[in-house]
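Work through the exercises below with the sequence and the model side by side. Try each task before reading its solution.

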Amino acid sequence: QVQLVESGGGLVQAGGSLRLSCAASGSIFRLNAMGWYRQAPGKQRELVASITSGGTTNHADSVKGRFTISRDNAKNTVYLQMNSLKPEDTAVYYCNADIRRFGSPWLNYWGQGTQVTVSS
């Protein structure tokens, strides 16, 4: 089995920072693109940032200059450094990854989500 386990969410004041982590574990053969999505109440899930296995990143316009995605391939872990947080960043943040298990095709996996709440 493969699991994506997120950590680092919480409550922070506007202007503050948080760092999210997501570790992939299990019988992993290859790990390709990883990313962070978020979903606010009453809204659709949206891409926040993604990163390829080679380190190429993509950030949503709404977080450019404030959030930074990175990864540690040796640890199968992706991070999201969130600075200058705004109340509109409040959402459940989900980790996502394309993973190939031994003897299996590429599949897409989701973490369980971690709550980020930014107070004004």
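The exercises that follow go from strands to single residues and then to aromatic rings.

The model is predicted, so local features are given only at pLDDT of at least 70 and side-chain atom pairs only at pLDDT 80 or more, while totals for chains, interfaces and linings use all residues. Residues are numbered from 1 along each chain as its sequence is written, and side-chain values use heavy atoms, with hydrogens and water left out.

**Exercise 1. The partners of strand E4**

Task: find the strands that pair with E4, and give the sense of each pairing.

Solution.
- Step 1. Settle the terms: helices (H or I, at least four residues) and strands (E, at least two) are DSSP runs, numbered from the N terminus. Two strands pair if DSSP finds at least two bridges between them.
- Step 2. Strand E4 covers residues 28–39 and strand E9 covers residues 91–101; 9 bridges hold them in an antiparallel pairing. Within this pairing, Met34 has Ala97 in E9 as its bridge partner.
- Step 3. E4 is also joined to strand E5 (residues 46–51), by 5 bridges and again antiparallel. Here Arg38 is bridged to Glu46 of E5.
- Step 4. The hairpin of E4 and E5 has 6 residues between the strands, and in it Gly42 takes a positive phi near 75 degrees.

**Exercise 2. An open sheet**

Task: write down the strand order of the open sheet of 4 strands and name its edge strands.

Solution.
- Step 1. The order is E1-E3-E8-E7, with antiparallel pairing.
- Step 2. Strand E1 (2–7) and strand E7 (67–72) are the edges, since each of them pairs on one side only.
- Step 3. From one strand to the next, the twist averages 15 degrees. For such angles, axes are lines fitted to C-alpha atoms, for helices over the stretch in contact, and the angles run from 0 to 180 degrees between N-to-C directions.
- Step 4. Inside the sheet, strand E3 (residues 18–26) and strand E8 (residues 77–82) share 6 bridges. One of the bridged residues is Ala23, whose partner in E8 is Thr77.

**Exercise 3. Asn96**

Task: decide whether Asn96 is buried or exposed, and list its polar contacts with Asn108 and Tyr109.

Solution.
- Step 1. Asn96 belongs to strand E9.
- Step 2. Buried means under 20% relative accessible area, exposed over 50%, and partly exposed in between (1.4 Å probe, protein chains only). Asn96 is buried because its relative accessibility is 8%.
- Step 3. A polar contact is a pair of N or O atoms within 3.5 Å; within protein, one must be able to donate a hydrogen and the other to accept it, and residues adjacent in sequence count only if both atoms are side-chain atoms. The side chains of Asn96 and Asn108 make such a contact at 2.8 Å. A polar side-chain atom of Asn96 also lies 3.2 Å from the backbone oxygen of Tyr109.
- Step 4. Contact means heavy atoms within 4.5 Å. Not counting residues up to four places away in sequence, Asn96 touches several residues, including Leu4, Met34 and Trp110.

**Exercise 4. Aromatic pairs**

Task: classify the ring pairs Phe29–Phe102 and Tyr37–Trp110.

Solution.
- Step 1. Rings of Phe, Tyr and Trp (its six-membered ring) pair if their centres lie within 6.5 Å; planes under 30 degrees apart count as stacked, over 60 as edge-to-face and the rest as tilted. This rule gives 3 aromatic pairs.
- Step 2. Phe29 and Phe102 have ring centres 5.2 Å apart and planes at 50 degrees, so this pair is tilted. Phe29 is in strand E4 and Phe102 in the loop between E9 and strand E10 (106–110), 73 residues apart. Phe29 is partly exposed at 34%, whereas Phe102 is exposed at 54%.
- Step 3. For Tyr37 and Trp110 the centres are 4.9 Å apart and the planes at 65 degrees, so this pair is edge-to-face. Tyr37 lies in strand E4 and Trp110 in strand E10.
- Step 4. Tyr37, Tyr94 and Trp110 form one aromatic cluster. Tyr94 is placed in strand E9 and is buried at 14% relative accessibility.
- Step 5. A charge sits over a ring if NZ of Lys or CZ of Arg is within 6 Å of the ring centre and within 35 degrees of the ring normal. Arg45 lies over the face of Trp110, 4.6 Å from the ring centre, and the charged end of Arg30 sits over the ring of Phe29, 4.5 Å from its centre.
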